[in-house]
Amino acid sequence: MVVSVSVVLLLIVIAALLMHNKNLKVSHALVCGLLGFCLAGTSLAPTIQSTVASTADLVSTIRP
């Protein structure tokens, strides 16, 4: 579990640096994809899933 947490933190830092740079490349997409897969295996996954689901429900109720 310690290795998983450190990998997730490292990928968060790398993704934040890449987003700050504002250059979109294939490597950036791969880092963000790896971050997503690592986050899915942590204890934060249910919280993230419920937040995304409730945000999607809120957005779907807005009428233009």
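How much of the accessible surface of the protein belongs to carbon and sulfur atoms? Keep that in mind as you show the surface: the accessible area comes to about 5200 Å², and 75% of it belongs to carbon and sulfur atoms. What you have open is a predicted model, so a look at confidence is a good start.

**Color by pLDDT.** The mean for the protein is 79, with 89% of residues at 70 or more. Helix α1, residues 2–21, has the lowest confidence at a mean of 75, while α3 has the highest at 86. Where pLDDT is low, the predicted coordinates should not be read in detail.

**Switch to cartoon.** You will find 3 helices and 0 strands; from the N terminus on, the order is α-α-α. Next, try coloring by burial: of the 64 residues, 12% count as buried.

**Select Leu-10.** This residue sits in helix α1. Is Leu-10 buried or exposed? Leu-10 counts as exposed because its relative accessibility is 51%, and the cut-off for exposed is over 50%. Now add Leu-35 to the selection: it lies 25 residues away from Leu-10 along the chain, and their C-alpha atoms are separated by 9.0 Å.

**Move to Ile-48.** Here you are in helix α3, which covers residues 45–61. With a relative accessible area of 36%, Ile-48 is partly exposed, since that class runs between 20% and 50%.

**Finish with the patch.** Keep Ile-48 selected and add Leu-44 and Val-52: the three make a nonpolar surface patch of about 260 Å².

Definitions and conventions. Residues numbered from 1 in each chain as written. Predicted model: local features only at pLDDT ≥ 70, side-chain atom pairs only at ≥ 80, totals over all residues. Heavy atoms only, no water. Patch = residues over 30% accessible without salt bridge, like charges linked within 9 Å, V, L, I, M, F, W, Y side chains within 5 Å. Areas by Shrake-Rupley, 256 points an atom, 1.4 Å probe, with all protein chains shown as cover. Salt bridge = Lys/Arg side-chain N within 4 Å of Asp/Glu carboxyl O. Helix = DSSP H or I, 4+ residues; strand = E, 2+ residues; numbered from the N terminus. Buried < 20%, exposed > 50% of the residue type's maximum accessible area, 1.4 Å probe, protein only. pLDDT = per-residue confidence, 0-100.
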